[in-house]
Amino acid sequence: MIEIKGVTKHFGKKPVVEDVTVTIQPKTITSFIGPNGAGKSTLLSMVSRLLDSDTGEVFLDKNNVKKMKSDEFAKRVAILKQSNHLNVRLTIRELVSFGRYPYSKGRLTEEDEKFIDQAIEYMNLTDMQDKFLDELSGGQKQRAFISMVIAQDTEYILLDEPLNNLDMKHSVQIMKILRQLVDELGKTVVIVLHDINFASVYSDRIVALKNGRVVKDGQTHEIINSEALREVYDMDIPVQEQNGCRICVYFNSHS
Amino acid sequence: MRLWMLITASIILSLISLFVGAIDIRPSDLLDWDSDKTQIFLMSRVPRLMAIILAGAGMSIAGLIMQSLSRNKFVSPSTAGTLDAAKLGVIVAMVFFTNVTYMEKIIFSFAFGLIGTILFMQILDRIKFKDVIFVPLIGIMYGNILSSIGTFIGYESDILQNVQSFFIGSFTLVVSGRYELLYLAVPAIILAYIFANKFTVAGMGEDFAKNLGLSYKTVLNLGLVIVAVISTTVILTVGVIPFLGLIVPNIVSLYLGDNLRKTIPHTIFLGVVFLLVCDIFSRIIVYPYEVPVNITVAVIGSAIFLVMLFRGKAYAKK
């Protein structure tokens with residue numbers, strides 16, 4: 001369980017995240033949603049220790065994350081930031097191998113190789129594992145990065161806008177894989193999403209942020225309704241039910 | 001390209017290098033241990049070959065590390081002010097101490113090279129516009145500023161001529177007893193290989209490195225120290241050799257990728273091959289005289305660099 005307690009972050013004098021308290025339940029997908037500049041990515045960065053909070057603490061199973069050793073932390077929490085612009089020429093297999101870095105420090109054991117094989121297999125990348133990243137399409141690249149995170153074998157996987165620049169087909173593919181990671185492998189996924197319909201269909205819980213504060217926090221069905229969404233986005237968003245999924249029809253809506 | 005091809009080429013070129021020069025030495029001459037020719041061979045030809053190998057490998061590795069850490073394909077000791085800063089260090093040492101010792105030159109050159117590179121990395125951190133071409137342009141401008149400060153100091157203290165001849169990249173003055181500092185490049189290169197995985201991870205950015213539990217700052221600092229050690233030793237023994245650290249790692253990256261554990265051996269031997277070819281060429285083109293190797297490297301290097309700029313811009317951006 002990750003507990004975020006009263007976390008605040010300022011960039012200069014501007015508050016970006018203010019007094020946020022959220023609990024991430026294990027074995028769920030939790031989506032962070034909200035308008036631009038709401039502080040979603042910043043919050044995720046603080047949970048994953050990429051940024052230090054000004055005040056407040058983040059606890060991982062009762063341990064303060066700031067006090068954990070970095071390689072121990074890397075075995076338990078993985079974060080993937082928007083990485084489409086990464087310009088390193090590695091093959092998929094090399095990239096995935098680096099997911100084992102916290103365990104092997106670069107000297108791969110047989111066990112590491114097994115994890116790498118499995119992670120590549122899981123993302124259906126076996127046939128192209130020796131291709132360079134810069135030869136891949138956006139969707140394949142994103143799958144390669146997620147494959148690396150799977151090889152990292154952490155309980156918690158944090159993803160910052162993983163659907164950025166992906167088309168519908170690949171977005172659905174990625175979300176389905178994340179769902180599998182939770183349902184089949186028992187991982188906990190925290191994800192920053194812009195498209196609320198992906199959040200609605202695939203996540204268990206939603207945390208809605210606005211101007212650095214939590215405005216809604218609860219089960220998906222508690223957030224995906226017109227009243228709650230109005231509070232978050234200042235828009236009238238009709239919600240329709242389709243095959244048991246709640247779809248927000250935000251096009252052409254009044255603000 | 002296979003590693004064994006590069007190693008074979010290095011060995012063949014090394015042998016050629018040993019037997020090319022103003023004085024005709026044949027392998028059979030070496031049978032007589034006390035002859036003048038054997039003495040020349042041991043005092044001049046062998047040191048020269050060793051200097052070329054060490055400088056070629058060292059500058060290429062320094063370039064590779066800088067490209068990895070700055071995440072820019074066109075950053076190298078000669079396009080980030082490292083060499084100019086190390087040079088400035090020597091000049092300052094020469095002005096500061098009237099009878100400057102070799103050790104003082106080394107220390108000043110190393111300190112300036114290191115600080116100069118750190119400063120460039122800081123500048124790089126602050127600028128928003130990180131175009132692949134723009135960054136090395138800033139680096140070259142920065143290097144020229146450092147260089148002109150050096151020239152000014154040299155001019156004011158009447159050591160300008162001294163300074164100018166000192167830094168022309170050339171292996172003509174390499175004789176036994178005057179190049180041994182270069183061997184410091186060996187531990188630096190070994191260290192680079194040991195930490196290859198860390199440099200690759202750091203090359204994917206600070207967030208990426210932190211996610212894998214790597215101490216980014218430590219790796220960054222280690223890399224900069226390695227670069228400064230290599231640059232200092234090369235500057236003080238053979239002078240400025242431009243383009244080497246830029247071209248060699250980029251060619252290797254094109255066919256082998258950016259996994260340093262894999263590319264370091266190739267980079268070492270390609271650097272050796274490239275510099276040996278340039279040096280042999282420098283020695284035979286106006287035989288029995290020779291042109292400074294930095295001119296040959298600059299001519300061939302700038303041609304390759306231009307090709308890289310025009311054709312490789314897409315590659316470097318990826």
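## Two chains, from a kinked loop to a domain border

P288(B) lies in the loop between α12 and α13 (293–317) of chain B. A cis peptide bond joins Y287(B) and P288(B), with omega about 5 degrees. Helices are DSSP runs of H or I with at least four residues, strands are runs of E with at least two, and both are numbered from the N terminus.

This is a predicted model, in which local features need pLDDT of at least 70, side-chain atom pairs count only at pLDDT 80 or more, and totals for chains, interfaces and linings use all residues. Residues are numbered from 1 along each chain as its sequence is written, while chains are lettered from A and ligands numbered from 1 in the order in which they are written.

### Chain B: two helices

Which residues of helix α7 of chain B are buried? In this helix (residues 185–194), they are A185(B), A188(B), I189(B) and A192(B). Buried means that 20 or more other C-beta atoms lie within 10 Å of a residue's own; exposed means 12 or fewer, and partly exposed is in between, with C-beta atoms placed from the backbone. Seen down the axis of α7(B), the buried residues fall within an arc of 95 degrees, so they line one face of the helix. The arc is taken from the directions that run from the helix axis to the C-beta atoms. On the other side of α7(B), P187(B), I190(B) and I194(B) are exposed.

What do the buried residues of α7(B) pack against? Their partners are α2 (36–70), α8 (196–202), α10 (216–237) and α12 (260–284) of chain B.

Helix α11 of chain B (residues 244–256) has 13 residues. From its first C-alpha to its last it reaches 18 Å, close to the 18 Å expected at 1.5 Å a residue. That expected span is 1.5 Å times one less than the number of residues. The buried residues of α11(B) include L244(B), I247(B), N250(B) and S253(B). G257(B) follows α11(B), and its phi is positive, near 95 degrees.

### Chain B: annotated spans

An unreviewed UniProt entry places the feature "transmembrane region" at several spans of chain B, including 106–125 and 267–285. UniProt positions are given in the numbering used here, feature names are shortened, and annotations may be inferred rather than shown by experiment. The table describes these two spans.

| Span | Distance between end C-alpha atoms | Helix | Strand |
|---|---|---|---|
| Residues 106–125 of chain B | 28 Å | 100% | 0% |
| Residues 267–285 of chain B | 27 Å | 95% | 0% |

### Chain A: two domains

Chain A is divided into domain 1 (2–76 + 155–248) and domain 2 (86–153). The bounds come from an automatic or database domain assignment. The C-alpha centres of the two domains of chain A lie 25 Å apart. Across the border, 11 residues of domain 1 of chain A are in contact with 8 residues of domain 2 of chain A. Contact means that the C-beta atoms of two residues, placed from the backbone, lie within 7 Å.

On the domain 1 side, α2 (70–74) and α7 (168–183) of chain A are the elements that give two or more residues. Here α7(A) gives the most, with 4 residues.

### Chain A: positive phi in loops

K62(A) is a residue other than glycine with a positive phi, near 75 degrees. Its place is the loop between β4 (55–60) and β5 (63–64) of chain A. K62(A) is exposed, with 7 other C-beta atoms within 10 Å.

N211(A), also not a glycine, has a positive phi near 50 degrees. N211(A) sits in the loop between β9 (205–210) and β10 (213–219) of chain A. Partly exposed is its class, with 14 other C-beta atoms within 10 Å.
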